[in-house]
Amino acid sequence: MALLERVSTLLRANLNDLLAQAEDPEKLARQLVLDMENQLMQIKTEVAIAIADQHLLQKKQFAQQELHTQWLRKAELAVSKQQDDLARAALERALFTQRIAEALEQQHAEQTAETEALRAAYNRLQQKLSETQARVDLLSAQLRRSRAVHKAATTQSALQTASAQATLARLVAAVDEADSRNHASRVLLAASSETLEERFDSLDRTDKIEALLLELKERQHRLA
């Protein structure tokens, strides 16, 4: 039966190997679950049909067995009435119904075996589906945790980068501020030094002027 072959293929599938080889394990696992659910619905329908056929064959078998018994009774009646030809005809019918009953019994046995095989496959597939669903839920949880960890690591890295950039900016600003202060100090110092030199120059010029003035006065005084 093609259905049982498909179910057998699903049951033989090694989930770990399939997931290990898949580019998207979660997607593959969910597809397997869908396939199993689909096959499970089909096999459930087949089980119901097989059980109905099994009951029908058994009912037909019992009917032929009842006919066989009835024809035997008619044969006995014909014999008791010394109607051998009629008895032979009844026995022929009895044998015919017996063959049909035996054939139906064989079919019923085969149908019973097929029904049991379908039931067993249904139960195994249902168990496999539960295991696969549990594995999918676990895999999804693992992937969610992995994504959360990755996102947290990315966020932390971004925060660390931003913090490092902010620290660097503060250091640069501090260096610039220090440079500005140093420059201002140099300017002030230079200005202060120039003022001091100018003062000494002024004193020197004043002394020279006073000396020249005194020299002029003395010269005029001598000429007078």
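**Salt bridges, helices and core of the predicted model**

Asp-85 and Arg-88 are both exposed. Their side chains meet in a salt bridge, with an N to O distance of 2.9 Å. The model in which this pair is found is a predicted one. Asp-85 and Arg-88 belong to helix H4, which covers residues 84-223, and because they are 3 residues apart in this helix, about one helical turn separates them. An α-helix has 3.6 residues a turn, so residues three or four places apart point the same way. Side chains of opposite charge can pair when their charged atoms come close.

A search of the whole structure gives 2 salt bridges. Besides the pair already described, the side chains of Glu-116 and Arg-119 meet in a salt bridge, here with an N to O distance of 3.2 Å. Glu-116 and Arg-119 also lie in helix H4, 3 residues apart, or about one turn of the helix. Glu-116 has a relative accessibility of 41% and therefore counts as partly exposed. Arg-119, with a relative accessible area of 36%, is likewise partly exposed. Both values fall between the cut-offs of 20% for buried and 50% for exposed.

The overall fold is described next. The protein chain contains 4 helices and 0 strands. Read from the N terminus, the order of its elements is α-α-α-α. Of the 224 residues in the protein chain, 19% count as buried. Among contacts in the protein chain with a separation of 6 or more, 83% are between residues 24 or more positions apart.

Confidence varies along the model. The mean pLDDT of the protein chain is 77, and 58% of its residues reach 70 or more. Confidence is lowest in helix H1 (residues 2-12), where the mean is 62. It is highest in helix H3 (residues 25-80), where the mean is 89. Where pLDDT is low, the predicted coordinates should not be read in detail.

The length of helix H3 can be checked against its residue count. With 56 residues at 1.5 Å a residue, H3 should span 82 Å; its end C-alpha atoms are 81 Å apart, so the two values agree. Just after H3 comes Gln-82, which takes a positive phi of about 60°. Gln-82 is a residue other than glycine, and its place is in the loop between H3 and H4. Its relative accessible area is 70%; because this is over 50%, Gln-82 is exposed.

Three residues of helix H3 were examined in more detail, beginning with Glu-26. Glu-26 lies in helix H3 and, at 16% relative accessibility, counts as buried. The C-alpha atoms of Glu-26 and Leu-139 are separated by 6.7 Å, although the two residues are 113 residues apart along the chain.

Gln-61 also has its place in helix H3. Its relative accessible area is 7%, which means that Gln-61 is buried. When neighbours within four places in sequence are left aside, Gln-61 is in contact with Ala-101, Leu-104, Glu-105 and His-108. Between Gln-61 and Gln-106, which are 45 residues apart along the chain, the C-alpha separation is 9.5 Å.

His-68 is another residue of helix H3. With a relative accessible area of 18%, which is under the 20% cut-off, His-68 is buried. The side chain of His-68 reaches the backbone oxygen of Ala-94 at a distance of 2.6 Å. Apart from neighbours within four places in sequence, the residues in contact with His-68 are Ala-94, Leu-95, Thr-97 and Gln-98. Ala-94 thus appears both as a contact of His-68 and as the residue whose backbone oxygen the His-68 side chain reaches.

The nonpolar part of the interior was also analysed. The largest nonpolar core has 14 residues, of which Leu-40, Ile-43, Leu-118 and Leu-129 touch the most other members. Helices H3 and H4 are the elements that give two or more residues to this core. H4 also holds the salt bridge pairs Asp-85 with Arg-88 and Glu-116 with Arg-119.

Note on methods:
Residues numbered from 1 in each chain as written. Predicted model: local features only at pLDDT ≥ 70, side-chain atom pairs only at ≥ 80, totals over all residues. Heavy atoms only, no water. Salt bridge = Lys/Arg side-chain N within 4 Å of Asp/Glu carboxyl O. Buried < 20%, exposed > 50% of the residue type's maximum accessible area, 1.4 Å probe, protein only. pLDDT = per-residue confidence, 0-100. Core = buried A, V, L, I, M, F, W, Y, C linked by side-chain atoms within 4.5 Å. Polar contact = N/O pair within 3.5 Å; in protein donor to acceptor, adjacent residues only side chain to side chain. Contact = heavy atoms within 4.5 Å. Expected span 1.5 Å × (residues − 1).
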